[in-house]
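Reader: Hi! Could you walk me through this one with me? I'll throw short questions at you as we go.

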Amino acid sequence: MKRAASDLHMMTTMLPTGPYPYAGVPWFNTPFGRDGLITALECLWLQPELARGVLAYLASTQATEVIPEQDAEPGKILHEARNGEMAALGEMPFARYYGSVDATPLFVHLAGEYYIRTGDRTFVEGIWPNVEAALHWMLRYGDRDKDGFLEYSRQCPDGLVHQGWKDSDDAIFHADGSLARGPIAVCEVQGYAYAAWRAGAALAAALGRTEQSIDYSRRAETLRARFDTAFWCDEVGTYALALDGDKRPCQVRTSNAGQCLFSGIALPERAARLAQTLLARESFSGWGIRSLATSEPRYNPMGYHTGGVWPHDNALIACGLARYGMAEEALRIFTGLFDTAMYLDLHRVPELFCGFPRDPGEGPVLYPVACAPQAWSAASVFLLFQASLGLTIDGIASKISLVRPWLPPFLNEARILNLQVGDASVDLALVRHESDLAACGNSRETCDLANVS
């Protein structure tokens, strides 16, 4: 955790809008929308000022017009920004590039979570027009065929073919190995959209916009029902990776489906079956969940998005498992990533590592050109720790909750000092016993610590 905090501090740059975690060294040492948003979500409970900086920067760079060569559309959130000769001369479209389908709903989701964490109404009121614009983009541009799902299809010939977090050219395919043709709706993005509509509803209610809140809530529940019907594949025990341009499901076992637990779009009756699929030998290497199961035709243990293990992806999945009450399953992921870090130089968790199975006495196999450090990999430890404690912080009510908390076997005791909750600060002590966990706290100001179950 010290290494993670140090790496995150090293990669955070103070921009005019506030702190922003650059994505990774050496390849992605620049602002990325998706990476910054997920990094901020991972450590929101501990460092909410980072989320504020991310939201402020992305609001200031939100697209306001249609620019095909940048994949830009009104309301869309930035994918990445680059400086330098190639960007200045237009040899690459990434001076400001908007070719990601997920940054926009993630922006709304983080805005909602930031408000819950801090109660910072003044800031939320300031970015509310950006939230509205993002939600409008989801309706007007993100769902061009009006089937209720967010799809992507690049407008810029030099832009990214795939615009979810798995953006390599071979990442999205069918069970026979054939590449999917767009426009493509990826499963985890629908979960982000669900979370965005729910966040929009909560923010609208907080700002007194009752009709908008009701509309956004209705859209969230409609999307959840449609998603289950279109994406669940009972024969493979998981959600389809994606729907292609003909609305055919890509019935392959991937880690993407696990993030549907994180967003909450997965129906409760699907969760146990999905967890079983994710933690089967074909998907779980012993170190973490592979991006693609070994049973699939394009599996490669050294594949960037077709077999490698991504720590941030695993942390999101573990958080989702804990959300659905599957603490033991989340513990397996936490333990695997901890053991990985113990083998690595400086205990630094990289962007990804290879998906080879874990062998006794052998460490994980490094991915040759992975970024190390990488912001969302470094921050993954904080989300894993939050998931293990079932920790939620309500900054509006100044309340901390621990729901079904547990500590992994390698951690018998933990202390959290000077945790800021509204105007209060809190110290927490947690001790693991054989069959339960003891928690106690000391509040320096007024904060409710009673909600522990």
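Reader: Which residues make the nonpolar surface patch?

Author: Met-302, Phe-356 and Val-365 make a nonpolar patch of about 230 Å² on the surface of this predicted model. Patches here are made of residues with over 30% relative accessible area and no salt bridge, with nonpolar side chains (Val, Leu, Ile, Met, Phe, Trp, Tyr) joined within 5 Å and like charges within 9 Å. Accessible areas come from the Shrake-Rupley method with a 1.4 Å probe, and for residues only the protein chains shown count as cover.

Reader: Where is Phe-356?

Author: Phe-356 sits in the loop between α12 (327–343) and α13. Its relative accessible area is 32%, so Phe-356 is partly exposed (buried is under 20%, exposed over 50%, partly exposed in between, with a 1.4 Å probe and protein chains only). Helices (H or I, at least four residues) and strands (E, at least two) are DSSP runs numbered from the N terminus.

Reader: Any ground rules for the numbers?

Author: Residues are numbered from 1 along each chain as its sequence is written, and side-chain values use heavy atoms, leaving out hydrogens and water. As the model is predicted, local features need pLDDT of at least 70 and side-chain atom pairs count only at pLDDT 80 or more, while totals for chains, interfaces and linings use all residues.

Reader: Switching to salt bridges, how many are found in the whole structure?

Author: The search finds 18, each being a side-chain nitrogen of Lys or Arg within 4 Å of a carboxyl oxygen of Asp or Glu. Among them, Arg-52 and Asp-120 meet at 2.6 Å, N to O. That pair links distant parts of the chain, 68 residues apart: Arg-52 is in helix α3, and Asp-120 is in the loop between α5 (103–118) and α6 (121–140).

Reader: Is Asp-120 buried or exposed?

Author: Asp-120 is buried, at 16% relative accessible area, whereas Arg-52 is partly exposed at 38%.

Reader: And what does Lys-247 pair with?

Author: Glu-151, with the closest N and O atoms 3.0 Å apart. Lys-247 is in the loop between β8 (242–243) and α9 (259–263) and Glu-151 in the loop between α6 and β5, so the pair ties together parts 96 residues apart in sequence. Salt bridges with shared partners join Asp-145, Asp-147, Glu-151 and Lys-247 into one network.

Reader: Last topic: which residues of helix α1 are buried?

Author: In α1 (residues 2–11), those are Ala-4, Asp-7, Leu-8 and Met-11. They line one face of the helix, because they fall within an arc of 100 degrees seen down its axis (the arc is that of the directions from the helix axis to the C-beta atoms).
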